[in-house]
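Below are my notes on the model, set out as numbered points for discussion. Please read them alongside the sequence and the coordinates.

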Amino acid sequence: MTAPRESSPPFSRRAFVAGLGVLPAMPLLASGPASARTAAAPASVSGVFRHPGLLLTDADFKRIRDHIAAGQQPWTGWWNKLCADRAASLEGQPNPQEGVYRADNSKHAMYRDIQRAWCLALRWRLSGDPRYADKAVETLDAWSGKLKVIGTVPPGSTAHDDHTFILLAGIQGHQWAQVGEILRGYRGWSPTNLARFQQMLSTIFAPISAWFLSEGRPGSHANWELASLCGALAMGVFCDKPELYRLACDVYAGNNRGKLRSFGNGSIVHGVYYMHPGHLGQWEESGRDQGHSTLGMSLGGDLLEMAWNQGDDLYGLHNNRFLAAAEYVARSNLLDDNGRPYPMPYAREHNPPEPHPSMWTQVNQSFQHGRNAWEPIYNHYVNRMGLAAPNVARITAQVEPNYWSAGSDDMVFPTLTHRRPAYAGPMKPASGLIAPLRDGRPMLSWWGSVGARAYAVKRGATPDGPFKPLTTIAANQLLTCTDTPPNGVWYYQVTALGSDGASGSSNVVRVALPGEARLSMPLNGLNGTGTKGTLRTPAGEWSPVEGKLLDGATWGEGRRVDQTDKAIVFDGKKAGLQLPAGIFGDLDDFTVSMWAYANSLHWDSALLYVGQDEFSALALVPKTGGGMRFTIFGASYKDARFAEAPDFMPIRRWVHVAATLRGDTARLYLDGKEVTRVDDVLLSPRQVGDQVAFVGRDWRHPSFDGRVQDLRVHAGALGAAEVAALAR
């Protein structure tokens with residue numbers, strides 16, 4: 001299977017404005033803490049927004065005012081600093097431009113006026129003095145009355161167009177919307193001028209962000225897409241455009257809403273390229289530099305806080321995956337007691353941008369960045385939710401003095417606006433426990449709790465216990481451990497230990513060693529089974545499951561000499577079998593097998609394709625390169641590793657095909673015999689996702705030309721003798 005090529009049509013603002021239709025109101029997320037706070041449905045479902053409801057709500061302003069009135073720190077200190085800052089004074093005039101370009105000084109006029117308007121709006125809401133609102137409104141009215149275009153290079157310039165107008169549209173569009181959202185309730189802002197400001201954002205900024213997100217660009221870095229995500233979500237709320245808001249939520253979450261689409265590196269499933277033990281999430285730009293990595297944290301924190309205020313919990317997606325990234329990036333920017341950068345685990349990663357891609361093999365810690373990117377992240381996970389985030393907590397305190405943004409990438413005065421009182425509730429239980437099999441052993445990771453000093457790791461033989469202690473992990477250590485139990489079914493649990501005793505215990509995780517059957521799907525048409533099968537649940541119970549025949553897939557002759565024995569027939573064009581999501585998503589070590597009969601072979605046609613999208617998946621490909629291939633590749637086709645047989649899959653006979661992954665070793669079997677293996681495979685189904693799962697087809701190539709029966713998935717890697725037994 002060859003790498004997908006990136007292609008994008010040229011941007012047309014007029015075409016995209018005309019094409020901004022309303023998306024169907026479908027649930028984006030399961031009910032989470034945000035939606036539970038109110039009877040109203042989250043905005044991703046209802047399409048109805050709460051105002052003000054971007055970075056700050058009415059409740060936030062009241063909370064900040066109360067802290068200031070009580071003389072509490074750090075709010076009082078930052079309020080005094082805001083009042084003393086020239087940006088929040090009534091002096092100065094706006095400097096609107098007809099065109100703003102990244103390649104000349106016109107951008108600085110916009111940067112400066114956005115920051116001034118934000119500071120003035122804050123001073124109004126926290127003091128009640130309408131003069132500051134009037135001054136902020138003056139700035140917004142001046143810009144909406146004059147600005148006609150934004151871009152990278154002005155007309156007539158010979159400068160290189162690096163397309164950074166995309167960043168300008170997203171970041172500054174998001175920041176303008178923040179100011180407008182605060183001021184939209186001010187009676188001194190005329191409805192006509194408010195509508196004109198919304199029109200400016202809707203026609204000049206928003207179409208660029210929406211276009212960039214809709215393309216699903218794999219070759220761009222995470223901060224580019226996060227800029228557009230922030231822009232689309234913020235402008236969607238401020239301009240009351242639910243289709244923009246849903247687009248941002250869907251792209252970030254990697255939610256394809258039943259359609260085949262790809263996501264760029266701003267999507268959380270790609271932005272966190274690799275999950276290391278202890279819930280450390282390697283950020284996509286960590287091998288690049290810390291300036292861009294911390295920009296991703298700044299934009300990501302803003303994005304998640306805005307969605308939270310609209311009732312959508314993007315913070316908690318995929319077991320707090322963004323917190324995993326934040327802990328990783330924060331630690332990459334901290335120094336140890338000897339003043340040296342911490343050693344960081346790193347999974348090699350291709351640098352995506354063309355035309356000069358390269359391989360990153362370690363975190364770039366050539367400098368530690370002091371960007372104040374952390375307040376929304378710290379105050380949500382730690383102070384609001386009671387989760388331990390030691391690296392984020394430490395760096396938040398370290399960079400607090402850096403309240404300004406010289407490059408205008410970040411919202412200013414973040415400690416004043418986002419700081420919450422320290423978590424004071426009862427110690428939360430350890431949470432988010434996982435225990436995938438990696439190289440034949442359970443590898444545990446979990447989230448810690450504010451106030452915990454250590455964690456007791458326990459194992460039991462039944463889901464209800466009793467659980468016997470295995471080890472204790474100190475709270476200042478990486479929250480992970482690997483167990484080596486005897487073969488059997490085991491249950492794990494972690495308990496947080498504080499100064500006042502133990503909290504409640506974590507979720508219980510079941511692990512079977514050396515492995516167990518996960519999916520059995522005969523695909524033989526017997527006894528009305530059709531595409532039905534059975535899937536083992538996390539609790540170990542078998543549950544019915546069913547696939548869906550797609551685009552002309554039908555039934556034909558099976559491999560047994562029996563007229564009742566059937567097999568799925570794929571036509572070599574578009575036919576396929578779609579499997580439900582969730583079969584592969586928690587697996588590191590695994591086995592997949594099936595019987596297949598090929599009439600002919602198409603280049604890159606897939607027998608099996610499972611992944612997040614086109615750019616992150618595992619696949620069984622009968623004909624590619626120099627032979628049949630079992631491959632796994634990460635976001636944007638990074639670090640593709642494959643076990644390639646010396647020949648293509650045989651045709652015109654039934655062949656048993658199996659692939660296994662144990663640790664970093666992948667093996668490919670034909671008719672029960674190993675035909676190739678490859679070591680140094682870093683990725684696994686757990687890392688690449690399984691939102692889409694197909695038998696007989698992939699994302700964009702012609703489908704398999706032939707028949708398939710007896711699909712099986714095993715949690716754990718079967719040995720050679722076990723694979724041979726399946727083939728018999």
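1. How many disulfides does a search of the whole structure find? The structure is a predicted model, and the search across the whole of it returns zero disulfides. For C119 the reason is distance, because its sulfur lies 10 Å from the closest cysteine sulfur, that of C83, which is too far for a bond. C249 is likewise in no disulfide, the nearest cysteine sulfur being that of C230 at 11 Å. As for their surroundings, C119 counts as buried at 0% relative accessibility, and C249 is buried as well, with a relative accessible area of 1%.

2. On the overall fold, the chain contains 19 helices and 32 strands. A compact globule of 728 residues would be expected to have a radius of gyration near 27 Å, and the value for the chain, 27 Å, agrees with this. The C-alpha trace spans about 90 × 65 × 50 Å along its principal axes. Of the contacts in the chain with a separation of 6 or more, 71% are between residues 24 or more positions apart.

3. Regarding burial and surface, 62% of the 728 residues count as buried, while the chain exposes about 27,300 Å², of which carbon and sulfur atoms supply 51%. The chain carries 72 positive and 68 negative charges, and the mean positions of these two sets are 2 Å apart.

4. D141 deserves a look in the context of its helix. This residue sits in helix α7, which covers residues 130-144, and D141 counts as buried because its relative accessibility is 15%, under the 20% cut-off. Leaving aside residues up to four places away in sequence, D141 touches W189, N193 and R196. The C-alpha atoms of D141 and N193 are separated by 6.3 Å, although the two residues are 52 apart along the chain.

5. Is L587, by contrast with its loop setting, buried or exposed? L587 is placed in the loop between β22 (576-578) and β23 (590-600), and at 4% relative accessibility it counts as buried. Beyond residues up to four places away in sequence, the contacts of L587 are with R518, S684, P685, R686, V713 and A715. L587 and I166, on the other hand, are 421 residues apart in sequence and 37 Å apart in space, C-alpha to C-alpha.

6. Two peptide bonds should be checked by eye. Most peptide bonds are trans. The bond joining H51 and P52, however, is cis, with omega of about -15°, and P52 lies in the loop between α3 (43-46) and α4 (58-69). A cis peptide bond also joins Q73 and P74, where omega is about 10°; P74 is found in the loop between α4 and α5 (75-84).

7. Which backbone angle is notable at N319 and at L523? Most residues other than glycine have a negative phi. N319, which is not a glycine, has a positive phi of about 60°; it belongs to helix α14, residues 317-332, and counts as partly exposed at 30% relative accessibility. L523, also not a glycine, has a positive phi of about 55°. L523 lies in the loop between β16 (516-521) and β17 (532-536), and it is buried, with a relative accessible area of 0%.

Terms used
Residues are numbered from 1 along each chain as its sequence is written. This is a predicted model: local features need pLDDT of at least 70, side-chain atom pairs count only at pLDDT 80 or more; totals for chains, interfaces and linings use all residues. Side-chain values use heavy atoms; hydrogens and water are left out. A disulfide is a pair of cysteine sulfur atoms within 2.5 Å. Buried means under 20% relative accessible area, exposed over 50%, partly exposed in between (1.4 Å probe, protein chains only). Helices (H or I, at least four residues) and strands (E, at least two) are DSSP runs, numbered from the N terminus. The radius of gyration is taken over C-alpha atoms; the globule rule is 2.2 Å times the number of residues to the power 0.38. Contact means heavy atoms within 4.5 Å. Accessible areas come from the Shrake-Rupley method with a 1.4 Å probe; for residues, only the protein chains shown count as cover. Lys and Arg count as positive and Asp and Glu as negative; His and the chain ends are not counted. The place of a charge is taken as NZ of Lys, CZ of Arg, CG of Asp or CD of Glu.
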